[in-house]
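Here is my note on the model, point by point. Please keep the structure open while you read.

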Amino acid sequence: MPAPAIIQPKGLSDRLTALFWRRPRLLLGLLLVPPLFWLGVVYLGSLFSLLIQSFYSIDEFSGMVVPEFTLKTYAELFRAANLDIIIRTLLMAAAVTLGAALIAFPIAYYAARFAKGRWKAVFYLGIMLPLWSSYLVKVYAWKLILAKEGIVTWAAGITGTSSLLDAVLALPVVGGGSLSTSYIGMFLVFTYVWLPYMILPMQASLERVPTSMLEASADLGATRAQTFRTVVLPLAMPGVIAGSIFTFSLTLGDYIIPQIIGNSASFIGMAVYQLQGTAGNTPLAAAFAVVPILIMLAYLGFAKRAGAFDAL
Amino acid sequence: MLSDRASLSLRIAAGLGLLFLHLPIALIFLYAFTTEERSYAFPPPGLTTKWFAVAWQRPDIWEAFWLSLQVAAIATALALVLGTLVSAAMSKARFFGREQISLLILLPIALPGVITGIALRTAFGEMGIPFSTLTIILGHATFCIVIVYNNAVARFRRLSGGILEASADLGANAFQTFRHVLLPNLGTALLAGGMLAFALSFDEVIVTTFTAGQQSTIPIWMLEELIRPRQRPVTNVVAMLVFAATFIPILLAYYLTRNGSDVAGSGK
Amino acid sequence: QMTAVGEGEGQLDIVAWPGYVERGDTDKAYDWVTKFEADTGCKVNVKTANTSDEMVALMNEGGFDLVTASGDASLRLVAGKRVQPINTDLIPSWAKVDARLKDAPWFTVDGVHYGVPYQWGPNVLMYNTDVFKEAPKSWSVVFEPQDLPDGKPNEGRVQAYDGPIYIADAALYLMAHKPELGIKSPYQLNEDQYKAALDLLRGQRKLVGRYWHDAYIQMDDFKNEGVVASSSWPFQVNLLISEKQPIASTIPEEGATGWADTTMLHAEAAHPNCAYKWMEHTLNSNLQSDLSTWFGSNPVVPEACTDKSGMQTKEGCTANGMDDFEKIHFWTTPTAKCEQGECVPYYRWVSDYIAVIGGR
Amino acid sequence: MPAAVEFAQVTRHFGNVRAVDGVDLTIAEGSFFAMLGPSGSGKTTCLRLISGFESPTTGTIRIFGEDVSTTPPHLRNVNTVFQDYALFPHMNVRDNVAYGLMVKGIGKTQRHEKAEEMLSLVKLSGYGDRKPGQLSGGQRQRVALARALVNEPRVLLLDEPLGALDLKLREAMQDELKALQQRLGITFVFVTHDQHEALSMADSLAVFNEGKIAQIGTPEAVYNRPATRFVADFVGSSNVLPPALTRALGGPDEWASLRPEVTRLAATGPVTATVTALRYLGSGTRVVLDMGGTELAAIVPAGQPLPEPGTQTAIAFDPAALHIMAGA
Amino acid sequence: MPAAVEFAQVTRHFGNVRAVDGVDLTIAEGSFFAMLGPSGSGKTTCLRLISGFESPTTGTIRIFGEDVSTTPPHLRNVNTVFQDYALFPHMNVRDNVAYGLMVKGIGKTQRHEKAEEMLSLVKLSGYGDRKPGQLSGGQRQRVALARALVNEPRVLLLDEPLGALDLKLREAMQDELKALQQRLGITFVFVTHDQHEALSMADSLAVFNEGKIAQIGTPEAVYNRPATRFVADFVGSSNVLPPALTRALGGPDEWASLRPEVTRLAATGPVTATVTALRYLGSGTRVVLDMGGTELAAIVPAGQPLPEPGTQTAIAFDPAALHIMAGA
Ligand SMILES: Nc1ncnc2c1ncn2[C@@H]1O[C@H](COP(=O)(O)OP(=O)(O)OP(=O)(O)O)[C@@H](O)[C@H]1O
Ligand SMILES: Nc1ncnc2c1ncn2[C@@H]1O[C@H](COP(=O)(O)OP(=O)(O)OP(=O)(O)O)[C@@H](O)[C@H]1O
Ligand SMILES: [Mg+2]
Ligand SMILES: [Mg+2]
């Protein structure tokens, strides 16, 4: 007798499987509920409650939050000094993103196209290890490099380039007493600590450019430089955008580096941290926090359209 | 032949870039041996290995270390479960709100850490959850999910969708398919994602400052230590040891995810 | 208000200035926690705060029993009902407290005491003795552009404090140099006086490379960043001197601002019994004596200067400014209502000082 | 005896794509049934409806007489050889083949024995310890076959199993598959878009077009008597004659088909054509003609004289070979 | 007039893989030259040697008489249609086609004009604004063609350009490519592993085996007179007869080949065979025979009687059709 065409279910797991098969949405729901509870309810909820906070104000003398709806805090946010902070942060984030992209590109390009076998592993480790080695200790190491009596000055003294260093420090706005108290120094440190976040997605998207594409370009008569400009660069763009999400966002929110390096002028992250943590002015901190949220949401929207999510 | 070899300028630029990435690290290593204890000056006045012994004997380091280990382990485990669930759902079907969910998963790392930190702090405050090891773990899990998710989703994408159907076709129910087909194939991706998440959690300071109570993880310990210098080289010793300890998992993660993703053009 | 001190709860959470509650792990000789813990069974947890604003914020958030609040925080805490009145009868050593401080206005409201004095001291002018062969006479070295005695300009080589209360230091300087403004107290400024102080600080912005915020980072800056003069606490001065750095401090002729700190009890303190035990403990002459040498401050129990119960000596107290009590303008919170009538309140100090540091 | 598979008015829509659109279909037990059609015509969807990976939007599917609308794939005694084989990359060949038995809870020795048996059936004895990645395309295909057969399914579904193989291997596998089916007597449902493959292997075949079945029947019937212009065109590289031309060539005023092999070149005839191209086939030469705008092909066997491109010629054929398409 | 492409003792080794191994080759200008061979036989490597993406390990390559050993790809007036098309995904179709002109510095209007011209040549006018991702496989193939032709190369290289297309589309594209080559008069070098494709399109073809050329000649020569067993086997699904069998059938004691189309079934003959399988081809039926361990095929045209599988039969053929392979 031939085997039956339909096998009878045995046990709960067979029945459950049948149920999932009949109701695919049920399984989907079961899969999504726990993560969505956390991210969608708790995390988004807390972002939302932060947003609400920004519509409260603070009692000026006692420093207690007055939970009444008001736009006073936003009026405060738009004071010139606070706008300065926002603009300063945005400029720094943009500069850091640009700087990181410029430094990252050759590394990512080399790692993606030319490094083979063992060198590939060397590059991978070379990029990953700085990423995972203590951020704080790195920043302090930089303080030592950039200090007035630090390594850069020492090296400049040895190489006889002190006057060049002085000329750089004498630049208006970005210069300062020493590299460690100037925007240049801060820019360097930011660029340094976020660099791996730029390299990795860049490398990933460069690796996805098929060799045949480069060959097609050469075949059609393009020189290496032309191929680079017209084919490699545009195809690497999603990776650059994905990387810039990180560098931009991380700079927007960092409060430790501006506290240690730079000239004490406040940055958004520092303002949020100080207003919330040390000044207890949660409403204004929240209002400040809304700025990077809006900027990053817009940025993510743009990145999504540029197809950068796949490169993350 | 077209371009087996990089041009000189590219090699120089890449080399300098790598140097830029590693110079400060070399410095960290150097200053783990300096004899000056309260602050750093260049060049170091003398070299000693005593800080390793000192670090070994400092109970606060061990406490912070165990806490960090505990936090990273549990946060990674949580992230593994949650991240795998979403990635399974996301690769399984196209459904309404899919795009929004992918955005949502990205949010905790796309938004600056202060924002995540302050938001979670207010949320915990409002839910009446006291700040403790638990809140640190929850904070870390939030941004670790995306690391696991990215790794798992990439693997799902590479996994020929057929093998899950093949399993059902051969008579396996959903649980058998998960156990015998999905898990073994997702395994290395999850391991790699887990290790990266672990390393990320181990070094996190910004969100932690907001979600921690009186506990200090290794980075928090370092923050306090660096601001209030006593035996400052000890922080470098710790940084160096952490660096050495992450070397292995990162290398492992690399070899686990390497196959198929490192060949030019084979990404998708 | 408590009426009796019972058994300790086994734990005590304190918000304190750095260096204020030492348990001997920076220097074995300075430990006033270990024995307290052994005697009372109250385990002490310390959270350090770097500014008064941070302290207020921590107290607002809760979870702490005690705070070592300075005068610019204490009244805010009282007004915000974050701290509770103290029953001085439960603190036997209360009688020994310096008479000049017992009813000081920064913790006494309508005759009710909201804390126990802890330490007090001036904000000194710290300077590098390689540059200044003799002590600078005036705060002008940090306020006005000028060449320092080594012939180089002071630009980039001086620092100022990264807290809004520093506006008072500018006002104090103006009190001496621009008498026509009629400043009576650096904490009570009308619009004109306030504006003049801000202008002075804006000028100072061009001289200051980085504001100091953290005691230890300021020490680094004096060592590595070429900073040679700044307002500071005796704490940093003592530590730098102990490291054999060419550092000294002075109170210039304009006088100085200063702080007088009070241990205050949180309104919802979870461990009030331990807290009362701690307050009593802080007033013991040995602790006051050691703390004042450690921090470079003055004891609130005058006998600690002389009774040799700790490391402090009469000369030491004099050096720390014990006799200059009248010359010191203690930090208090600026309020809208003041002796002149209308004054600029503290919240404006906060945002305006951020603006000044931001270069506006 | 009920049919192995029966579709009754089955449709499957994806959004507004009608992947399968009102299909009636009966597959006899023990037959080799081919589904032929251009890309996107719904062949794979039909197969997935049988295996249970899709559910019909409307209509009923019966397997051996039983309605399977509530039966999930793992409970259907139907197995599939997937187009990309879908071998489990983490298991060796033996475990791949034994998978179906393992999930049924059959012991290790027993299932390995059976797996070896299957491997020898597909001529892969001795390959049990390799990983799928270490096999060639044809070998993988055979592992997939062995894996699907181990459960002794009553219907075996094959979705373009030979699509990825090169011509030589493909012909060898066609022979093997056909022989295997005859030996086992299982019902094979075979999807392909290769006409030659369908014609040479099937007992019966269905030609799909845009989700509908254009014709169903034996290979001879489909090849010689295409029901519609689409079938004529798709299946045989047949010449399709519009009504006017059919009449001019002596037939009725209807669409007709004429196979190139029966089309001969002649010196005279009712209609003349221009030779536009010659294509060497090895076994002969395909002469492409333009007959008043209609393209026709004639096959000249090897060894016979060939016309020059550009010259005029007429055509001749056995009138019985002209097939009139009623349903066109 | 020098040949379009000339290989003199060219080898290309990768480590110890001899991808191309001592190849001599001459491709006449204006011809359609096909390279045929199994996977891994070195066809692509030869093409890349011409385009300049590989350099010979030893030997010389001449293009129109000039030694190109120092000429980089972008300076060779040779263009390639890549197997995967390699269209630039970030450019629209028009910019893809105009790319070769753009890198030469030709102005926008002029190059767009030329691009449109090329697009109309490949019947894609009006598709200029689409991105490659929005095209079907056949359309992409034509864009790749237009892009390669825009530079007016003197040699066009095509690496299995039709490999990814389905049969129907493939046949249509074969006709188009052949017509285009005749119209433009450019030399086409065409790589494929599909015998039918090579035979029907090429003026001349080279059969590759393990990096060497097994035979080079016209399609007729290769099909009818295979030089080696490999060629006979690979090219025509030919029957390959071992020396003993050749002699038994009346030939010399040599390897020989016999095409199935000229093999007829007969009632009697010197050797008998067993019918093992019948395969319907539409135009006839392929009868598979086992003749003393050698597998043979004979094609029975449609309409003639077919033997039953398992029965015995003899074969007959025109002795002239028996091709003796000297080089086997
Ligand atoms: N899951 C799906 N969602 C949406 N559309 C689908 C889905 N599966 C199939 N289709 C569509 O249904 C139609 C029929 O697809 P099907 O895969 O059955 O074709 P096919 O005949 O197998 O083609 P091929 O020869 O290319 O494999 C196509 O238009 C296809 O795009
Ligand atoms: N860059 C390379 N490195 C090492 N070996 C190579 C390289 N390119 C080709 N080969 C080897 O050279 C041999 C010939 O390869 P080639 O690509 O020329 O074959 P092909 O005839 O085009 O095959 P297919 O039909 O599969 O495309 C193969 O064994 C291949 O593995
Ligand atoms: Mg299909
Ligand atoms: Mg090839």
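1. Which residue has a side-chain N or O atom 2.5 Å from an oxygen atom of ligand 1? It is D:T45. Keep in mind that this is a predicted model.

2. Backbone atoms also approach ligand 1. A backbone N or O atom of D:G40 is 2.7 Å from an oxygen atom of the ligand. For D:S41, a polar backbone atom lies 3.1 Å from an oxygen atom of ligand 1. On its own, ligand 1 exposes 640 Å², and the protein buries 61% of that.

3. Now take the whole shell around ligand 1. It holds 13 residues, and the closest are D:S39, D:G40, D:K43, D:T44 and D:T45. Two elements of chain D, β2 (17–27) and α1 (43–51), give two or more residues each. The largest share comes from α1(D), with 3 residues. By class, the shell around ligand 1 splits into 4 nonpolar, 7 polar and 2 charged residues.

4. Move to chain E and ligand 2. The side chain of E:T44 has an N or O atom 2.5 Å from an oxygen atom of ligand 2. E:K43 places a polar side-chain atom 2.8 Å from an oxygen atom of the ligand. E:G42 uses its backbone: an N or O atom there lies 3.0 Å from an oxygen atom of ligand 2. Taken alone, ligand 2 has 630 Å² of accessible area, of which the protein covers 61%.

5. Which residues come nearest to ligand 2? They are E:S39, E:G40, E:K43, E:T44 and E:T45, out of 13 around the ligand. In chain E, β2 (17–27) and α1 (43–51) each supply at least two residues of this shell. The most come from α1(E), which gives 3 residues. The shell around ligand 2 has 4 nonpolar, 7 polar and 2 charged residues.

6. Next, the aromatic rings. Over all chains, the count comes to 66 aromatic pairs. Why is the pair of C:Y127 and C:F132 called edge-to-face? The ring planes stand at 80 degrees, and over 60 counts as edge-to-face, so the name fits. The centres of the C:Y127 and C:F132 rings are 5.7 Å apart, and the limit for a pair is 6.5 Å.

7. Are C:Y127 and C:F132 buried or exposed? C:Y127 has a relative accessible area of 7%, so it is buried. C:F132 is at 3%, so it counts as buried too. The cut-off behind both calls is under 20%.

8. Stay in chain C for another aromatic pair. C:W259 and C:F295 are edge-to-face, with 5.7 Å from centre to centre and 75 degrees between the planes. This pair links distant parts of the chain, 36 residues apart. C:W259 sits in strand β11 (residues 256–265), while C:F295 belongs to helix α11 (residues 285–295). Both C:W259 and C:F295 are buried.

9. Last, look at arginines over rings. In chain D, D:R147 lies over the face of D:F88, at 4.7 Å from the ring centre. In chain E, E:R154 lies over the face of E:F64, and here the distance to the ring centre is 3.6 Å.

Notes:
Residues are numbered from 1 along each chain as its sequence is written. Chains are lettered from A and ligands numbered from 1 in the order in which they are written. This is a predicted model: local features need pLDDT of at least 70, side-chain atom pairs count only at pLDDT 80 or more; totals for chains, interfaces and linings use all residues. Side-chain values use heavy atoms; hydrogens and water are left out. Rings of Phe, Tyr and Trp (its six-membered ring) pair if their centres lie within 6.5 Å; planes under 30 degrees apart count as stacked, over 60 as edge-to-face and the rest as tilted. Buried means under 20% relative accessible area, exposed over 50%, partly exposed in between (1.4 Å probe, protein chains only). Helices (H or I, at least four residues) and strands (E, at least two) are DSSP runs, numbered from the N terminus. A charge sits over a ring if NZ of Lys or CZ of Arg is within 6 Å of the ring centre and within 35 degrees of the ring normal. A residue is near a molecule or strand if one of its heavy atoms lies within 4 Å of it. A polar contact is a pair of N or O atoms within 3.5 Å; within protein, one must be able to donate a hydrogen and the other to accept it, and residues adjacent in sequence count only if both atoms are side-chain atoms. Accessible areas come from the Shrake-Rupley method with a 1.4 Å probe; for residues, only the protein chains shown count as cover. Ala, Val, Leu, Ile, Met, Phe, Trp, Tyr, Cys and Pro count as nonpolar, Asp, Glu, Lys and Arg as charged, and the others, Gly among them, as polar.
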